[in-house]
Amino acid sequence: MAKKYNIKYNGRSVEMTKPNSTMIIYKIPYADIEKKKIGVLIPNQFIVYILYGSNPHGKDMIYVGKSKNGIASRPTAHKNKYEAWTTCFILTQFKERTFFNDGTIQYLEDSLNKRIEEVGMYHNTTLTTNSGTANKDDEEDCDDYLQEAYLMLDILGLDLITHSEEAEAEADIAENDSAGYTVANRAKVPNGLYYFARKVKRMGGVTLKGTMEVRDGKFILKAGSDVAQEAGIGMAPIVEIMRNNTPIENGKLIEDIPMNSPSACGEFIIGASCNGWTNWRIKDGQAIDMYRKS
């Protein structure tokens, strides 16, 4: 059986790759980055990084950022966020067949920031991110990259898979909020129908499609939408519960179901973490993220 991942140690730095893939994730002591003695040569200047620091008085600290100039300055420019960073996780690719660029690292940074908030296990010191200028194909590549990255990071000691009890409680409250006044609902997406189409690599590149109706600040996944039979990585527990208790026949949803956000609707379809704000689109192809920014 082929190895799932390759792990190399160079001094105190760890390099993790996936065979037959361009993915690389590094785990490097923050102090070594400050001293410019990391022991590894990072092949791509486009990176997304996550700073981690243990906090004995509460939730551990975390910060997500990006750089198009490697680690020359950015990862060590955040002492104002927390003075006791211990570890830097770096997400990048080999240069061959890379899709990392200005737009995609911005999208990855934004997606990671949202994932950290959803998980609810850390004190997130990241202030603002946005989804950037990545096109739809690049966004799909980024989403697939992140599905694998969550597993790799978990092996390296950073859990972005498990939801905290507080996060699950907040999701339950949001799902049962009859008034519809959740954070996502306040984005003021206009009433109407919106469309989802995404290739899922774990299903051999099959494109899953769906329709979502927005009605007075509520998000309704419509009957007839595709539903992946096998789950991937990063699906919110409440979405998993709903998938297990909703009628689905031949990979199709057979009744409308109300959800608490566009991302929940997307997760229901693909069975994995999904940034619904960039995947749900109006008829002309524009992502509904534009309403969140207005």
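**View A. Crossing of helix 5 and helix 6 in the predicted model.** The axes of helix 5 (residues 237-244) and helix 6 (residues 262-270) come within 10 Å, with a crossing angle of roughly 50 degrees. Helix 5 is therefore oblique to helix 6. The crossing of helix 5 past helix 6 is right-handed.

**View B. Residues in the contact of helix 5 with helix 6.** Helix 5 contributes Val239, Met242 and Arg243. From helix 6, Ala264, Glu267, Phe268, Ile269 and Ile270 meet them. Six of the contact residues are nonpolar and two are charged, with no polar residue.

**View C. The open sheet of seven strands.** Pairing in the sheet is mixed, and the strand order is 1-2-3-6-4-5-7. Strand 1 (6-10) and strand 7 (122-124) are the edge strands, each pairing on one side only. On average, neighbouring strands are turned by 20 degrees against each other, direction ignored.

**View D. Pairing of strand 4 with strand 5.** Strand 4 (residues 47-53) runs antiparallel to strand 5 (residues 60-67), and seven bridges join the pair. Ile50 has Val64 in strand 5 as its bridge partner.

**View E. Helix 2 and helix 3 on the strands.** Helix 2 (residues 102-119) lies across strand 4, strand 5, strand 6 (87-93) and strand 7. The direction of helix 2 is at about 165 degrees to strand 5. Helix 3 (residues 136-156) also packs on the sheet, where it touches strand 1, strand 2 (13-17), strand 3 (23-29), strand 4 and strand 6. Between the directions of helix 3 and strand 3 the angle is about 35 degrees.

Note on methods: Residues are numbered from 1 along each chain as its sequence is written. This is a predicted model: local features need pLDDT of at least 70, side-chain atom pairs count only at pLDDT 80 or more; totals for chains, interfaces and linings use all residues. Side-chain values use heavy atoms; hydrogens and water are left out. Axes are lines fitted to C-alpha atoms, for helices over the stretch in contact, and angles run from 0 to 180 degrees between N-to-C directions. Helices (H or I, at least four residues) and strands (E, at least two) are DSSP runs, numbered from the N terminus. Angles under 35 degrees count as roughly parallel, over 145 as roughly antiparallel, 65 to 115 as roughly perpendicular and the rest as oblique. A crossing is left-handed if the near helix is turned anticlockwise from the far one by less than a right angle, and right-handed if clockwise. Contact means heavy atoms within 4.5 Å. Ala, Val, Leu, Ile, Met, Phe, Trp, Tyr, Cys and Pro count as nonpolar, Asp, Glu, Lys and Arg as charged, and the others, Gly among them, as polar. Two strands pair if DSSP finds at least two bridges between them.
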